[in-house]
Amino acid sequence: MAAPRIYLDHAATTPLDPVVRDAIVTTLEQLPGNPSSLYAEGRAARDALDAARAKVADVLLADPDEIVFTSGGSEGAALAIRGTAFAAARTGGRHLVTTTVEHHAVLHTVQLLAQRHDFQATVVPVDAAGLVDPEAVVNAVRPDTALVSVMYANNEMGAIQPVAEVATALRDHPALVHTDAVQAPGQLPVDVPSLGVDLLNIAAHKFYGPKGVGALFVRRGARLSPQIVGGSQERYRRAGTENVAFAVGLGVALARAETERPSAAVHNLRLRDQLMEGIAAIPDSRLNGPRRQRLSNNVNVCFAGVESEALLLGLDAAGIAASSGSACTSASLEPSHVLLAMGVQPDLAAGSLRLTTGHGNTEAQIERTLEVLRALVPQGRRTTADSKGNQAARIL
């Protein structure tokens, strides 16, 4: 009988919690109504949706009417950035500030606004550890800045950014502060009073909830132009019949993630440090990102002379699921934009590996992963060297 597979890609997505699944199934079976309808079935669905919204608000320490349900992290980020930009443009706010290591859902949205809608953007660099200087972000702000977007924790190498410091410094500026907090729930506090942000987006499948649902916090009074129109749902901020069952699932998953956060941190830190120590013993390996100011479950490394694809295929063949970075760019053969922004050379960045732990992982699984890597890395280096030698021979 084959050994169970080892899943080490929790930054990409997490398994669905059985408790969350049961809540979703119960909602699907018992609440078929449209939450915008006035009859009994509609009112029952509305009650479930309101309860889910209240659960999200409780964790964020926000008011329920400040929560907008979305289809996930990318839509939440796009609604926050585009919605704020178009609302601010009416009064001359046409400048945006972000960082070089944001998720592409943020970077590409900002780029599109600059290329097609006559906005201007300042993209602030990071240091070699992938951390942005809050003072540099604040100094990039202009009188016409509409939005500052700094992610809470990086999805590729786990660096925790100084979002609260940025928000505090900009408290008296009219620009809104947005954070992509997709990687944070269950790992970091996500209460908006402490962070001080005006907009914050999350996605349920990052904390053992379903794929295809997320939430966006919009501080009361923040001006936001809807990006999906055609209905009055979500207080006119996002038209379309709400996915009640998945919203319920998000609410349950977020509440459980917050309750379990302290114990999850202890569990993940133990496994993360085991991984770091084992990989450090492999020659010519490099840890990417800060050692301390990072998520408790994230290990991102580079191996000189090895290509990521060979590592990932070898791990998969050994029954281990891992990634080289963001799942949203997994089909690309280009080195990670995050690692390049940190100053990692392209040939070294091409050998990156991201391992992210979760509830179901064990120390035995981590030791098995290290055992496989200790064999794979030298093998990958020999293959790469042979390939380069053959290419050189053909050129000659």
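This report covers the nonpolar cores, strand β3 and a three-stranded sheet of a predicted model.

## Basis

The model is predicted: local features need pLDDT of at least 70, side-chain atom pairs count only at pLDDT 80 or more, and totals for chains, interfaces and linings use all residues. Residues are numbered from 1 along each chain as its sequence is written, and side-chain values use heavy atoms, without hydrogens and water.

Helices (H or I, at least four residues) and strands (E, at least two) are DSSP runs, numbered from the N terminus.

## Nonpolar cores

A nonpolar core is a set of buried Ala, Val, Leu, Ile, Met, Phe, Trp, Tyr and Cys residues joined through side-chain atoms within 4.5 Å. Buried means under 20% relative accessible area; exposed means over 50%, with partly exposed in between (1.4 Å probe, protein chains only). The largest core holds 65 residues. Within this core, L60, Y152, L200 and L250 touch the most other members. Helix α8 (residues 244-259) supplies the largest share, 9 residues. A second, separate core has 23 residues, including L271, M276, I320 and A322.

Take L60. Beyond its neighbours within four places in sequence, L60 is in contact (heavy atoms within 4.5 Å) with I67, V190, D191, V192, P193, L200, F217 and L254.

## Strand β3 and its partners

Strand β3 spans residues 95-99, and 5 of its 5 residues are buried. H95, V97 and T99 point one way; L96 and T98 point the other way. In a regular strand the side chains alternate between the two faces of the sheet.

Two strands pair if DSSP finds at least two bridges between them. β3 runs parallel to β4 (residues 120-124), joined by 5 bridges. T99 stands opposite V124 in β4. β3 also pairs with β5 (residues 145-149), in the parallel sense, over 3 bridges. Here V97 stands opposite V148.

Helix α4 (residues 104-116) joins β3 and β4 in a right-handed β-α-β unit. Right-handed means that, with the strands pointing away from the viewer, the path from the first strand over the helix to the second runs clockwise.

## The β9-β10-β12 sheet

An open sheet of 3 strands has the order β9-β10-β12, with antiparallel pairing. β9 (285-287) and β12 (352-356) are the edge strands, each pairing on one side only. Neighbouring strands are turned by 25° against each other on average, direction ignored.

Between β9 and β10 (residues 298-303) there are 3 bridges. L287 stands opposite V301 in β10. Helix α9 (residues 261-280) packs on the sheet and touches β9, β10 and β12. The direction of α9 makes about 10° with that of β10. Axes are lines fitted to C-alpha atoms, for helices over the stretch in contact, and angles run from 0 to 180 degrees between N-to-C directions.
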